[in-house]
Structures are given as structure tokens and as C-alpha cells.
Amino acid sequence: VLNSTKSYTDYLQSLDKKAILPHVYLNYLALMFGGQMMKHKVPSTGKMYDFENSREGMQAIRNVQKDEWADEVNKAYDNIMAIFDELEHLKP
């Protein structure tokens, strides 16, 4: 497990169900859209970045989205970038 992944999962486990929603929002959209770039960099097949009915899923997440999530979404983004950076350093 990457150090950045462990750090982020520890943080997520400290949140309640309401506080984790910005992370669900960002991670789902990141997997759906940014994942198309990342799937070629992960040490696997990248199937977790393939979605069926992505338009409906995106709309469901956006239906609960709130502007006041901005700070927590930024924390999620920083964690995702830390994971991405660590993955980059693993490349042969």
C-alpha cells in the first residue's frame, strides 16, 4: 500500500457519512474522467476506470453536490494528487 493511499484512507475513516460526501463526489468524478489518463499508469488493467452509464452516475452525484464542499473537495484533490505523484515515482 502506498504511503499516500494509507494517509488518505486514514483520513477518510475519520469522517462521518455527511463529511465524506465531498470525497465521494471528487473521487467518483476523478475516476470517471481523470481516470482515463491514470488507468495507463497504474500497475493493473485499469478496469476500475471503466464505467457503464457514466452520465447517470455523474448526474446523481451532482444532484447532491454543495458549494460549501469546496474546502473538503480540495483536501480530496490534494490526496489524489499525492497518490498520483507516488505512482509516477514507481514507474520503471
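This report describes the confidence, nonpolar core, kinked helix and salt bridges of one protein model.

The model is predicted. Its pLDDT averages 87, and 99% of the residues score at least 70. Among the elements, helix α1, residues 3–13, has the highest mean pLDDT, at 97, whereas helix α2, residues 21–38, has the lowest, at 81.

**Nonpolar core**

In soluble globular proteins, nonpolar side chains tend to be buried together. Here the largest nonpolar core has 20 residues. Helices α1, α2, α3 (54–64) and α4 (70–90) each supply at least two of its residues, and the largest share, 6 residues, comes from α4. The residues with the most contacts inside this core are Tyr 8, Tyr 25, Leu 26, Met 38, Val 73, Ile 83 and Leu 87. For Tyr 25, the contacts beyond its neighbours within four places in sequence are with Ile 61, Gln 65, Trp 69 and Val 73.

**Helix α2**

Tyr 25 is one of the buried residues of α2. The others are Pro 22, His 23, Leu 26, Leu 29, Met 32, Gly 35 and Met 38. The cover over the buried residues of this helix includes α1, α3 and α4.

Helix α2 also has a kink of about 45 degrees, and the kink is centred on Met 32. Between its end C-alpha atoms α2 spans only 22 Å, while a straight helix of 18 residues would span 26 Å at 1.5 Å a residue. Met 32, at the centre of the kink, is itself buried.

**Salt bridges**

Side chains of opposite charge can pair when their charged atoms come close. The structure holds 2 salt bridges, listed below with their N to O distances.

| Pair | Distance | Helix |
|---|---|---|
| Lys 6 and Asp 10 | 2.8 Å | α1 |
| Lys 75 and Glu 72 | 3.6 Å | α4 |

In α1, Lys 6 and Asp 10 are 4 residues apart, about one turn of the helix. Lys 6 is partly exposed, with a relative accessible area of 45%, and Asp 10 is also partly exposed, at 36%.

In α4, Lys 75 and Glu 72 are 3 residues apart, so about one helical turn separates them. Is each of these two residues buried or partly exposed? Lys 75 has a relative accessibility of 39% and counts as partly exposed. Glu 72 counts as buried because its relative accessibility is 16%, and the cut-off for buried is under 20%.

How values were computed: Residues numbered from 1 in each chain as written. Predicted model: local features only at pLDDT ≥ 70, side-chain atom pairs only at ≥ 80, totals over all residues. Heavy atoms only, no water. pLDDT = per-residue confidence, 0-100. Core = buried A, V, L, I, M, F, W, Y, C linked by side-chain atoms within 4.5 Å. Buried < 20%, exposed > 50% of the residue type's maximum accessible area, 1.4 Å probe, protein only. Contact = heavy atoms within 4.5 Å. Salt bridge = Lys/Arg side-chain N within 4 Å of Asp/Glu carboxyl O. Expected span 1.5 Å × (residues − 1). Bend = angle between axes of the 7 residues up to and from the residue.
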